[in-house]
Every structure is written in C-alpha cells, then in structure tokens.
Amino acid sequence: MQNFSYYNPTRILFGKGQIAAIAGLIPAGAKVLVTYGGGSIKKNGVYDQVKAALKAHAWLEFGGIEANPRYETLMKAVALVKSEGADFILAVGGGSVADGSKFIAAAARFDGAEPWEILAKRAPVSAAVPLGVVLTLPATGSESNTFAVISRESSGDKLGFGSEHCYPQFAVLDPETTYSLPPRQVANGIVDAFVHTMEQYMTYPAEAPLQDRFAEGILHTLIEVGPQTLAHPQEYAARASQVWSATLALNGLIGCGVPQDWATHMIGHELTAEYGLDHAQTLAVVLPGVLRHQKEAKRAKLLQYAERIWGIREGSEDERIERAIAATEAFFGSLGVHTHLGLYGVAGTNEAPSRIPARLERHGFLKLGEHGAITPAAVTEILAARL
Ligand code: NZQ
Ligand code: ZN
C-alpha cells in the first residue's frame, strides 16, 4: 500500500427531510448565496424546502448555472458575492451546480490577476467562501470532494481544479430529491460513479485488498441497484443505495494508498468540450477503449475484475478479460448509455481520433494513466476503436 494522507471534513446529512437541518449548520449571522441550475429545483419542491430551512437567515439567490458550468456565468455570481457581501454559499443541484459553486467560492477570494488562472495555470487557491451542498443528482461525488470542472465558452476549454478550501462543509443527500430526475440523468449518474470507481481500482495490484473490496462493493451495488432504480425511480431503497454509492465512489476513501488512472476522465472532458456530450456519455465511450488498449498493463486487475465483478472464471486470460470488458459495455448499454461515439448522432465525432489528442496536447496532458503511458498517439488509437 502506498503512503497517503486522508482528510474529508464534509458532514453528510443523509435521508428524507434532511434539508431542514441545514439551518443549524449555517452560521446564524451569515448572508447566504443560494446557487442553482436551470430550474429543476423550482419544479420538484427542493427550492421550497431550502426556502423554509433558511427562513431565519438572510439570503439571496443566483440561478442559471448550466450543465458543464461556464466560467462566464460563474463570474457573474462572483460579482454578486462581492457586491452583496455574501459569506456562505449554498449550492442546490447536481454536480454542475456544486462544481460551479466551488469555483465561485474560490474565485471570490482569489487575489491573482484573473480567476481563470485557477484552472488554466493551476494558480493556488488560498481561501474560499464557506460552502454547503444540497445534492439533487447522484453522480459526481462533488458534494464531498475538493474538485470542480469548469468550462469556458470563449475558448472552448473544460478544465478542473481541486482545493481543500473547497470541501463543502456539509452535503444533504435526500434520495427523494432525486426522484424527479429524467432517466438519462439517473443512468448518467450510475455510469459516472461506476467509472470513478474504476479509475481508482483498475490499475495494478498495490497490496491494498481493503481498497479493492471497497471498490468492488461499490461496483456490485451499482450493478444491482442501477437497473432497479431506473425501472422504479421512486423506490426509496434502491435510490438511496445509488446516492450513497456515488458519494463514496469519489470522496477520496477508495483511492487511499492505491495507484489511480483518470485517463478516461481526461479524454472524456475533452469530448464534452468538443462535442457537447454529457459527462457520463463520454466515459461510457472511452473506458472500454482504455481497458482494451491498456490490457497488458492492467492484466492482473482485469482478471480480478472479471472474476469478482462478473463471475468470469472459465477460458484463457485474454478471453476472460475480453468478456469482462464486453460485460461492462453491455451494462452501460442496458442503462441506455451508448458506448460508441457514432450512436450519439453528433456531427463530426468521426474526427475525434485526431481532434481530441490535439486538445490534450494543448492542455499539456501528454502522459495519462497510472503509468503515464497514454500519450496523444495512444488516445488516437483508443478513440479510433470507439467511433
Ligand atoms: O439545471 P437543472 O435545471 O437543475 O437541471 C439539471 C441538469 O439539466 C438536471 N437535474 C439535476 N437534478 C435534478 C435534475 N432534473 C430533475 N430533477 C433533479 N433532481 O440534470 C441535468 C444535469 O445536471 P448536472 O449537474 O450537469 O449533472 P452531473 O451531476 O452529472 O454533473 C456533471 C458535471 O460534473 C462534472 C462533470 O464534468 C460535469 O461538468 N464532474 C465533477 C466531478 C467532481 N466535482 O468531482 C467529477 C466528475 O468526474 C465530473 O467531471
Ligand atoms: Zn466523472
């Protein structure tokens, strides 16, 4: 096992009716900026619950944060934080609202030339406005991690950053707030959480059997409850397990002391920036390609995955590995998330094998994966097999 330092200060409030409890977690004298997306929270009752919970607080709101949140929009909220003197941000929505709010929190306290430097130049974040999250879409883990991924319309970039100052102080996970999600977003959430787990598990053995079994537990749970919660969106038990799986997949725990990959995500972010595909759609396309391309480097873990996740014990090593990757593709497909670019019907994706490596090069991502072996040339090969 590798050395690690694990710190996760986010208080999780899990279950029905927990939004009401936020009142006691936000300082009484705070001026709260409530941030949200395109309006789903006004249709499903979440906005009203937040309003009721904040009745003793001074608060104002900023709506309109897009899926794949945009720098241009977020900078308007930064101006609002400054002009109104808001000193607590409450993000209400999915990963995009949580991510966007983390960036608002950091940018409002940034003393460099332009907050975009936090993303483009990895400028250090030395402070952030305190933040809480009411999560309405189980997928990203953003509600209890340090990361955020932000897009810039003017340049077409989609870049990430992470800072401990951006850990939410609390996250409300009420599965009932997710009942209104369209099937596409439920499926996206299952795929995203699955791939987060794979990015931290599917590398090489690191004498970390507990982390392996944490990861395998999450994968098994998603395979079990994913189809159930898609078929019966208002059944509490299955949705609750999806929600908790998604949080645990990317709150840092399963990645302690193990090598990590993240190539699928880095390639996926460029695909979203170039073609507008949903985050999880890009992952469903790329992950199987990375696994096949990196078969030798990942051989031992692929065999473990085949046996422990899919029960594949018969056949040669190569046959077992191929069946496990095919089972992964079939699982994503069964949720309605396509695993080949052409099936999304977006013009120009046949050029992805040349365009995406060029984007990665422009951003300086020249050696992806746990061995740094996924070069732009390798990305061309990976994507050529995913058209
Ligand atoms: O904007 P509204 O109207 O709220 O609608 C949203 C949005 O259209 C809707 N939605 C959310 N909750 C709903 C709902 N609709 C009905 N009922 C509800 N309860 O769902 C749509 C998608 O929302 P979004 O927040 O974009 O989805 P997700 O949570 O999948 O977040 C994706 C973003 O997170 C980033 C992705 O790159 C992408 O930008 N990621 C963040 C990570 C992190 N911070 O650790 C890691 C991930 O790998 C990922 O990169
Ligand atoms: Zn993801």
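Which residues in α10 meet which residues in α14? I will come to that in point 6, after a walk through the rest of the fold. Please keep in mind that this is a predicted model.

1. Let's start with the overall layout. The protein is divided into domain 1, covering 11-177, and domain 2, covering 182-384. Between the C-alpha centres of domain 1 and domain 2 there are 26 Å. Where the two meet, 18 residues of domain 1 are in contact with 23 residues of domain 2. On the side of domain 1 that touches domain 2, the elements giving two or more residues are β6 (147-152) and β7 (157-162). The largest share of that side, 3 residues, is supplied by β7. By class, the residues on this side of domain 1 are 8 nonpolar, 7 polar and 3 charged.

2. Since β6 and β7 turn up at the domain contact, they deserve a look of their own. The two strands run antiparallel and are joined by 6 bridges. If you would like one pair to find on screen, try F147, whose bridge partner in β7 is G162. The hairpin of β6 and β7 has 4 residues between the strands, and G156 takes a positive phi there, near 75°.

3. Next comes the open sheet. Six strands make it up: this sheet of 6 strands follows the order β1-β8-β5-β4-β2-β3, and the pairing is parallel. At its edges are β1 (11-14) and β3 (58-62), each of which pairs on one side only. From one strand to the next, the twist averages 20°. Looking inside the sheet, β2 (residues 31-36) pairs with β4 (residues 88-93) in the parallel sense, over 5 bridges. A handy pair to pick out here is Y36 with V92, its bridge partner in β4. Two helices belong in this picture as well. Helix α4 (residues 95-107) packs on the sheet and touches β2, β4 and β5 (131-135). The direction of α4 makes about 165° with that of β4. Helix α3 (residues 71-84) lies across β2 and β3, and runs at about 165° to β2.

4. Now for the helix pairs, beginning with α6 and α7. How do these two helices cross? Helix α6 (residues 183-201) and helix α7 (residues 209-231) have axes that come within 10 Å and cross at roughly 165°. The pair is therefore roughly antiparallel, and the crossing is left-handed. On the α6 side the contact residues include P183, V186, I190, F194 and Y201. On the α7 side they include D212, I218, L222 and L230. Counted by class, this contact has 12 nonpolar, 4 polar and 1 charged residues.

5. The pair formed by α9 and α10 has another geometry to look at. Helix α9 (residues 263-275) packs against helix α10 (residues 279-293) at an angle of about 135°, and their axes are 8 Å apart. The two helices are therefore oblique to each other, with α9 passing α10 in a right-handed crossing. From α9, the residues making the contact are A263, T264, I267, G268, L271 and T272. From α10 they are H279, T282, L283, V286, L287 and V290. The contact has 7 nonpolar and 5 polar residues, with no charged residues.

6. That brings us back to the opening question. V286, G289, V290 and H293 in α10 meet A378, E381, I382 and L383 in α14. Helix α14 (residues 376-384) and α10 pack at an angle of about 120°, with 9 Å between their axes. Here too the crossing is right-handed, as α10 passes α14. The residues of this contact divide into 5 nonpolar, 2 polar and 1 charged. If you have α10 displayed, look at V286 and V290: both are among the residues that meet α14, and both are also listed in the contact with α9.

Conventions:
Residues numbered from 1 in each chain as written. Chains lettered and ligands numbered in written order. Predicted model: local features only at pLDDT ≥ 70, side-chain atom pairs only at ≥ 80, totals over all residues. Pairing = 2+ DSSP bridges. Axes fitted to C-alpha atoms, helices over the stretch in contact; angles between N-to-C directions. Contact = placed C-beta atoms within 7 Å. Parallel < 35°, antiparallel > 145°, perpendicular 65-115°, else oblique. Left-handed = near helix turned anticlockwise from the far one by under 90°. Nonpolar A, V, L, I, M, F, W, Y, C, P; charged D, E, K, R; others polar. Domains from an automatic or database assignment.
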